[in-house]
Amino acid sequence: MIYKSTRDSSISVTSAQAISMGISSEGGLFVPASMPWLSYNDMKELAEQNYVSRAAYVLSRFLTDYTSTEINDCVSKAYTMEKFETESIAPLYELDPSTYMLELWHGPTCAFKDMALQLLPHLLSYATEKCGNKKTMVILVATSGDTGKAALEGFKDVPGTKIIVFYPKEGVSALQKLQMATQQGENVGVFAIEGNFDAAQSGVKKIFTDEDIKKALDENGMMFTSANSINWGRLVPQIVYYISAYADLIKNGRVSCGEFINVVVPTGNFGNILAAYYAKKMGIPIGRLICASNANNVLTDFIMTGKYDKNRQFYTTISPSMDILISSNLERLLYDLSGCDDAKIRSYMDSLAKEGKYTVDDSIKNSIGEYFWAGYCDDNMTRQTIKDIYNKYAYVCDPHTAVAVNVLEQYRVKTNDMSKTIIASTASPFKFAGDVLESIKGEKSSGSEQEQINELAELQMTTPPKQISDLFELPVRFTQSCAKNELKDVVFKALGI
Ligand SMILES: *Cc1c(COP(=O)(O)O)cnc(C)c1O
């Protein structure tokens, strides 16, 4: 399988190159030149397998320059019972016979980013080896919350890697801060940056592109690499769980092989729903892809009108991982729907960079309308949905998942399409215990973070996930903060240069 760049179709690389480079040199994103096809027979066979085998099979169809031994090694290290607390890794929970929660948050950090970030470090290790690289990879991450912790857990103690995470001092939740401050592992570093997320992100970007720093790293046998969500190595593991969910529906007799289902995904960067689109293109019978946004509804407007416009008010919501106005992965969809028209993609992305907006042509707009439907939901509706779902099903969902549930209801009311539907559930409710409790009880809880977590557990007649309750027992290792202009020194010191 060859990978092309969305901004220059003449570029073609192997999957190992795509994964180790992260982004193409002219700024494009790597996409597979063709889509592997799954027959009904393949799906029936997958239905009989466990998650690790399903993942190995799907990866082998995309990462054709990896040996099967390498792929097996990667998936069996990533998706263990120990790390995901359940053998099914990404279990389906049946709300009612036509509505299924795909729980993607049983991993070490209780959010769906673990699904990709547990695997990526292993894919990356083999990729750099294949590309003839002997250097230590240094991963720098600026995080607004979930990504940083998931990356730390994924790269912790992976040979040949070091990871440094910067989070904004103002801007991550108390629990997210605690998750990062107690991070274990010998190859990790965590720093708070004074300022907001933009300050952290622009500071890290500057380090990435600083020639002096690059040179210093090179002389010390190291190089920078990126683990952010545009890396193909983060997208391909996400395709797996949609295929696995359909295989589970077959296995449990909930669908007959070939029966169409819908998928609804709470998204910001368009990564998770793009993976579902790829699963559909591979032959999984998905009817409609429903894109769910919070008040930052730039994607809703785009899917409904064909006009992308990020020049709008930015809202801070109770589903913070979707507070995004630039959906980077959309570029991959547009490339596909334009029939790989790299010139067109360049012009859209130029316009986005210069004016913050672009309008796609009618043919792309019509294709989007065939595949997708979109809706959004503000914080009040999100809270109400958390409460309704709890009352109706005794099921507690996190605010991101609730956005998807709400948009699915809107879709069903508007279209009368009652097909069986998979809801991508992206975080454990325990990660957002305060907001979830408040939604269900109708009043703010006055307790500490830990008390709120315990109260939520009582409500569900369960115990909090160990990954979260353990945090309060672990020693705090990282308390350092720095100013934006000290980043360079901090990085050198952390790397021992
Ligand atoms: C990152 C994240 C999302 C959004 O994912 P996309 O990559 O933007 O699709 C949704 N929910 C949670 C909990 C997240 O951490």
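**Entry 1. The loop between H15 and H16**

I began with Cys 340, which sits in the loop joining H15 to H16. The model is a predicted one, and I read every value below with that in mind. I looked up the backbone of Cys 340 and found phi near 60 degrees, a positive value in a residue that is not glycine. I then asked whether Cys 340 is buried or partly exposed. Its relative accessibility is 38%, so I entered Cys 340 as partly exposed.

I turned next to the two helices on either side of this loop. H15 covers residues 330-337 and H16 covers residues 342-355; I noted a packing angle of about 145 degrees and an axis separation of 9 Å. I recorded the crossing of H15 and H16 as right-handed. From H15, the residues in contact are Glu 331, Leu 334 and Tyr 335. They meet Asp 342, Ile 345, Tyr 348 and Met 349 of H16. Sorted by class, this contact holds five nonpolar and two charged residues, with no polar ones.

**Entry 2. A second helix pair, H2 and H3**

I looked up H2 (residues 40-47) and H3 (residues 51-62), which pack at an angle of about 145 degrees with axes 10 Å apart. On the H2 side I listed Asp 42, Leu 46 and Ala 47, and on the H3 side Arg 54, Tyr 57 and Arg 61. The classes here are three nonpolar and three charged residues, and no polar residue.

**Entry 3. Phe 270 and helix H13**

Phe 270 was my next query, in the loop between strand S10 (261-266) and H13. Although Phe 270 is not a glycine, its phi is positive, at about 70 degrees. I entered Phe 270 as buried, because its relative accessible area is 0%.

How many residues of H13 are buried? I found 10 of the 11 residues in H13 (residues 271-281) to be buried, which leaves the helix mostly covered. Among the buried residues are Gly 271, Asn 272, Ala 275, Tyr 277, Tyr 278 and Lys 280. Just after H13, I noted a positive phi of about 115 degrees at Gly 283.

**Entry 4. Gln 238, with contacts in H13**

I located Gln 238 in helix H12, residues 232-251. With a relative accessible area of 7%, Gln 238 is buried. I set aside neighbours within four places in sequence and found Gln 238 in contact with Phe 112, Ala 116, Gly 271, Asn 272 and Ala 275. Of these, Gly 271, Asn 272 and Ala 275 also appear in my list of buried H13 residues. I checked Tyr 278 as well: its C-alpha atom lies 9.6 Å from that of Gln 238, with the two positions 40 residues apart along the chain. The side chain of Gln 238 makes a polar contact of 2.9 Å with the side chain of Tyr 241.

**Entry 5. Lys 113 and the annotated domain**

I consulted the UniProt record, an unreviewed entry, which places "modified residue: N6-(pyridoxal phosphate)lysine" at Lys 113. In the model, I found Lys 113 in helix H6, residues 113-117. Is Lys 113 buried or exposed? At 14% relative accessibility, I counted Lys 113 as buried. Apart from neighbours within four places in sequence, Lys 113 contacts Asp 146, Thr 147, Ala 150, Arg 234 and Ser 321.

The unreviewed UniProt entry also gives "domain: Tryptophan synthase beta chain-like PALP" at residues 105-359. I noted that this span is 46% helix and 18% strand, and that its end C-alpha atoms are 35 Å apart.

**Entry 6. Gln 467**

I found Gln 467 in helix H22, residues 466-469. Its relative accessible area is 19%; the cut-off for buried is under 20%, and I therefore entered Gln 467 as buried. A polar atom of the Gln 467 side chain lies 2.7 Å from the backbone oxygen of Gly 107. Beyond residues up to four places away in sequence, Gln 467 touches Glu 85, His 106, Gly 107, Pro 108 and Cys 110.

**Entry 7. Lys 365**

I closed with Lys 365 in helix H17, residues 362-371. Lys 365 is partly exposed, at a relative accessible area of 30%. With neighbours within four places in sequence left aside, its contacts are Met 304, Thr 305, Gly 306 and Val 360. I also looked up its separation from His 106: the C-alpha atoms are 36 Å apart, and the two residues are 259 apart along the chain.

How values were computed:
Residues numbered from 1 in each chain as written. Predicted model: local features only at pLDDT ≥ 70, side-chain atom pairs only at ≥ 80, totals over all residues. Heavy atoms only, no water. Axes fitted to C-alpha atoms, helices over the stretch in contact; angles between N-to-C directions. Helix = DSSP H or I, 4+ residues; strand = E, 2+ residues; numbered from the N terminus. Left-handed = near helix turned anticlockwise from the far one by under 90°. Contact = heavy atoms within 4.5 Å. Nonpolar A, V, L, I, M, F, W, Y, C, P; charged D, E, K, R; others polar. Buried < 20%, exposed > 50% of the residue type's maximum accessible area, 1.4 Å probe, protein only. UniProt positions renumbered as here; feature names shortened; annotations may be inferred. Polar contact = N/O pair within 3.5 Å; in protein donor to acceptor, adjacent residues only side chain to side chain.
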